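This briefing is written for a reader at the bench who wants an orderly account of the structure shown below. The points are grouped by topic, and they begin with a question about a charged pair.

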Amino acid sequence: MAEICCQEAKSPPATAATVATVSASAAAAAVASSVMDRRRRRLELKRFRLASDLEQSAAEYAGARKRPRIPRTVSGPCPDAASASENTERYPRFGFSSVCGRRREMEDAVSIRPGFLPGSGKSHFFGVFDGHGCSHVATTCQELMHEAVAEEHEKAGPGEEPTWKEVMERSFARLDERAANWATTRSSEEPACRCEQKMPSRCDHVGSTAVVAVVSPTQLVVANAGDSRAVLSRAGVPVALSVDHKPDRPDELERIQAAGGRVIYWDGARVLGVLAMSRAIGEFSSSNFALVRSFALPPGSRSEPNLTCTRAGDGYLKPFVTAEPEVTVTERSDADECLILASDGLWDVVTNEMACDVARACFRSNGPPEPATAQAQPSGEAKASEGVSKAESDRACSDAAMLLAKLALARGSSDNVSVVVVDLRRGS
């Protein structure tokens, strides 16, 4: 026991130097830890700021590049009709919707011209034009087609009733020639078109389908070239007033082959493996660089063709893709409900029956049109029967057009969608 006490007494006590060394080590560790913490916080702040800047830049870039897909819907009298406000009751009830959809560019155009024939305010023009390659051909048709139809209609002699088939054929031919010479006739002050900015220039490789309708009190005249379509809803039954011009349609296939062309099944039936329609305005009229295809395959083959790019001076699709329209004249009846004109962005995913059902549903929610006898009565007198006003009927047509465009997008349409709905109901 004494030895243990002696050993404990002999053990050296902790010196001041040892205590100072331990304290300095602890302080150095604390300082290093605080430095690392500050560095970690600075790195985290840098990462946060970088992520915020990237998100903001991405949002600005997406906002600048992404085309808004909000439907552009207009109803009522056409803004271009200066006299529409003078007597709106004689103008038709209509609405339309034109949506870019999932495409990068808007190439559709819609034309609505109430009372377009001189001296007659009872004939109204409606048209839908679906451009491909660029929008300038569709825009040209939008601006000039109704004028061409009116001028050709006026060429008939006094007391002579013009034939609508001849009027439409001459009008389409005029627009086809105008579209073919677009690059040489346009003003130098006009801004450059999108197709002109491509290298090489592709302005000659642009065209447009066209479906137009002239609505009069007694007739519906429809002319169509391409795969846009006109459908009449009569007594709950859809009546197609035009037939799509597809290259594999038996009569179109025979016409193309008789002209020396070929229909190639490459992502669907295409004229020379290029165009998915057999009729169009201004399609490939001339070209400095043409894609000439040499075919070693029998007609109707579904294999890919042998492609060779060569310089060519003449257009290679114009003999096979014609602008001649098919014209139908339909007598109106009291059972007519509405007329629907639309581009293939709608008809590729929506049937005629479905489109007419949507339009009729919108009409039922708004009621029948106001009778003409009630419109003529003084405001103080009671109306003989009830009916919706022209403004409410216009809203029903606009709702139908907008719903059809939204339905096409919901069913997966990848094209521009343009729809025109005309109310053909008569007040009872």
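With which residue does arginine 174 form a salt bridge? In this predicted model, the partner is glutamate 151, and the closest N and O atoms of the two residues are 2.6 Å apart. The protein chain has 428 residues, of which 42% count as buried, and its secondary structure comprises ten helices and 16 strands.

**Salt bridges**

- Arginine 174 belongs to helix α4 and glutamate 151 to helix α3, so that their salt bridge links parts of the chain that are 23 residues apart; arginine 174 is partly exposed at 32% relative accessibility, and glutamate 151 is partly exposed at 39%.
- Arginine 170 and glutamate 152 also meet in a salt bridge, with 2.6 Å from N to O, and this pair again links helix α4 with helix α3, across 18 residues.
- Within that pair, arginine 170 counts as partly exposed at 35% relative accessibility, whereas glutamate 152 is buried, with a relative accessible area of 2%.
- Shared partners join Glu151, Glu152, Lys155, Glu166, Arg170 and Arg174 into one network of salt bridges.
- Arginine 103 and aspartate 415 form a salt bridge in which the closest N and O atoms are 3.5 Å apart, and it connects the loop between β2 and β3 with the loop between α10 and β16, 312 residues apart.
- Aspartate 415 is buried, with a relative accessible area of 10%, while arginine 103 is partly exposed at 35%.

**Nonpolar cores**

- The largest nonpolar core has 29 residues, among which Met145, Met168, Phe172 and Ile281 touch the most other members.
- The elements that each give two or more residues to this core are β4, α3, α4, β6 and β7, and α3 gives the most, with seven residues.
- Leaving aside residues up to four places away in sequence, phenylalanine 172 touches eight residues, including Met145, Val212, Ile281 and Pro325.
- A second, separate core of 26 residues includes Val99, Trp347, Phe363 and Leu409.

**Aromatic rings**

- The structure holds two aromatic pairs; in the pair of phenylalanine 94 and phenylalanine 126 the ring centres are 5.9 Å apart and the planes lie at 65°, so the pair is edge-to-face.
- Phenylalanine 94 lies in strand β2 and phenylalanine 126 in strand β4, so this pair ties together parts that are 32 residues apart in sequence, and both residues are buried.
- The charged end of arginine 425 sits over the ring of phenylalanine 363, at 4.4 Å from the ring centre.

Terms used. Residues are numbered from 1 along each chain as its sequence is written. This is a predicted model: local features need pLDDT of at least 70, side-chain atom pairs count only at pLDDT 80 or more; totals for chains, interfaces and linings use all residues. Side-chain values use heavy atoms; hydrogens and water are left out. Helices (H or I, at least four residues) and strands (E, at least two) are DSSP runs, numbered from the N terminus. Buried means under 20% relative accessible area, exposed over 50%, partly exposed in between (1.4 Å probe, protein chains only). Rings of Phe, Tyr and Trp (its six-membered ring) pair if their centres lie within 6.5 Å; planes under 30 degrees apart count as stacked, over 60 as edge-to-face and the rest as tilted. A charge sits over a ring if NZ of Lys or CZ of Arg is within 6 Å of the ring centre and within 35 degrees of the ring normal. A nonpolar core is a set of buried Ala, Val, Leu, Ile, Met, Phe, Trp, Tyr and Cys residues joined through side-chain atoms within 4.5 Å. Contact means heavy atoms within 4.5 Å. A salt bridge is a side-chain nitrogen of Lys or Arg within 4 Å of a carboxyl oxygen of Asp or Glu.
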